[in-house]
Amino acid sequence: MIIQSKNNRQVLLRKLIPHDIDKLTGYFQKLGPETLKRYGPHGFDKQSLFELFKNAGYHTAYIAEDAETSEIIAYSVILSGYLEHDNFRLQSYGLTLSHKTDGTFAPSVADEWQSLGVGNSLFHFMLADLKLNGIKRIILWGGVQSDNQKAVNYYLKNGFRILGEFEYNGRNYDMILEIY
Ligand SMILES: CC(C)(COP(=O)(O)OP(=O)(O)OC[C@H]1O[C@@H](n2cnc3c(N)ncnc32)[C@H](O)[C@@H]1OP(=O)(O)O)[C@@H](O)C(=O)NCCC(=O)NCCS
């Protein structure tokens, strides 16, 4: 799917395929310190990415590419189900978790492409696919730092709600989106 970003560039949205892993490594290498302070759901080296995506279906990633250069400019990953180490905390809010209908989500956009509508577009692209695959609820991967205003706004804008907060290197929010 092609969209137009707020800087009038054509952007291609699509699912990640194993062939993209080298290019994706380059995307992570270019992330700046401010983004890396906010984003680190998994290892960014080639081996970690290979391990992550070798079992089809467990992790699914969606990417945005600059249509002119084919460079990856955004990456969102969703894990089927929930992270075991978040289970206790999420249950404390009264959630009954499911590996079938929950998805755990972590979005990112390249520094110079942030705030141009790419994150929102990639989210809606992903959501349509998740609906087709029976996902009913999206949980944030490790929550969101409460002072990450850009991301908190982005989640609220996309219908997420705050479940509660927890301390881990500062204050964080757990947020979820129920999909109807
Ligand atoms: C959070 C992130 C994924 C959002 O994607 P994006 O492409 O920058 O966001 P968009 O341009 O699509 O904007 C979506 C919404 O985000 C919020 N937002 C975006 N830029 C913002 C800014 N500079 N200040 C405040 N809110 C902002 C707004 O609510 C915006 O909606 P609006 O345009 O209708 O006001 C992206 O900024 C990012 O990768 N940040 C660094 C990594 C990160 O924090 N990941 C999340 C970890 S939990």
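A residue counts as buried when its relative accessible area is under 20%, as exposed when that value is over 50%, and as partly exposed in between. The exercises below apply this to a predicted model.

**Exercise 1. Classify Thr25, Leu52 and Ser80 as buried, partly exposed or exposed, and list what each one touches.**

Solution.

Step 1. Thr25 belongs to helix H1, which covers residues 21-30. Its relative accessibility is 13%, so Thr25 counts as buried. Setting aside residues up to four places away in sequence, Thr25 touches Phe44, Lys46 and Leu49.

Step 2. Leu52 is found in helix H3, residues 46-54. With a relative accessible area of 14%, Leu52 is buried. Its contacts, again not counting residues up to four places away in sequence, are His42, His59 and Tyr75. Gly117 is 65 residues from Leu52 in sequence, and the two C-alpha atoms are 27 Å apart.

Step 3. Ser80 is placed in strand S4, residues 72-80. A relative accessible area of 25% makes Ser80 partly exposed. Beyond its neighbours within four places in sequence, Ser80 contacts Gly57, Tyr58, His99 and Asp102. For Tyr58, the separation from Ser80 is 22 residues in sequence and 5.3 Å from C-alpha to C-alpha.

**Exercise 2. Describe the aromatic pairs that Phe105 forms with Phe123 and with Phe160, and say where in the chain the partners lie.**

Solution.

Step 1. The structure contains 12 aromatic pairs. In one of them, Phe105 and Phe123 have ring centres 5.6 Å apart and planes at 55°, and the pair is tilted. An angle under 30 degrees would count as stacked and one over 60 as edge-to-face, so a value between these limits is called tilted.

Step 2. Phe105 is in strand S5 (residues 102-109) and Phe123 in helix H5 (residues 118-132); the pair links distant parts of the chain, 18 residues apart. Phe105 and Phe123 are both buried.

Step 3. Phe105 also pairs with Phe160, with 6.4 Å between the centres and 20° between the planes, and this pair is stacked. Phe160 sits in the loop between helix H6 (149-157) and strand S8 (161-167) while Phe105 is in S5, so the pair ties together parts 55 residues apart in sequence. Phe160 is buried, as is Phe105.

Step 4. Two further aromatic features can be located in the model. Tyr27, Phe28, Tyr39, Phe44 and Tyr75 make up one aromatic cluster. Elsewhere, the charged end of Arg89 sits over the ring of Phe166, at 3.7 Å from the ring centre.

**Exercise 3. Which residues of H6 are buried, what covers them, and which residues on the other side are exposed?**

Solution.

Step 1. The buried residues in H6 include Ala151, Val152, Tyr154 and Tyr155. They span an arc of only 160° around the axis, which places them on the same side of H6.

Step 2. The spacing has a general background. In an α-helix there are 3.6 residues a turn, so residues three or four places apart point the same way.

Step 3. The cover over the buried residues of H6 includes S5, H5, strand S6 (137-140), strand S7 (144-145) and strand S9 (171-178). Lys150 and Lys157, on the other side of H6, are exposed.

Step 4. After H6 comes Gly159, with a positive phi near 95°.

**Exercise 4. Which residues of helix H4 are buried, and against which elements do they pack?**

Solution.

Step 1. H4 runs over residues 84-91, and its buried residues are Asp86, Asn87, Arg89 and Leu90.

Step 2. These buried residues pack against S6, S8 and S9. Arg89 is the residue whose charged end sits over the ring of Phe166.

**Exercise 5. Describe the overall dimensions and burial of the protein chain.**

Solution.

Step 1. The secondary structure consists of six helices and nine strands.

Step 2. For 180 residues, a compact globule would have a radius of gyration near 16 Å; the chain has 16 Å, which agrees. Along the principal axes, the C-alpha atoms fill a box of roughly 45 × 35 × 30 Å.

Step 3. Of the 180 residues, 51% count as buried. The accessible surface comes to about 9500 Å², and 53% of it belongs to carbon and sulfur atoms.

Step 4. Among contacts between residues at least 6 apart in sequence, 64% join residues at least 24 apart.

Methods. Residues numbered from 1 in each chain as written. Predicted model: local features only at pLDDT ≥ 70, side-chain atom pairs only at ≥ 80, totals over all residues. Heavy atoms only, no water. Phe/Tyr/Trp six-rings, centres within 6.5 Å; stacked < 30°, edge-to-face > 60°. Helix = DSSP H or I, 4+ residues; strand = E, 2+ residues; numbered from the N terminus. Buried < 20%, exposed > 50% of the residue type's maximum accessible area, 1.4 Å probe, protein only. Lys NZ or Arg CZ within 6 Å of the ring centre and 35° of its normal. Rg over C-alpha atoms; globule rule 2.2 N^0.38 Å. Contact = heavy atoms within 4.5 Å. Areas by Shrake-Rupley, 256 points an atom, 1.4 Å probe, with all protein chains shown as cover. Arc of directions from axis to C-beta.
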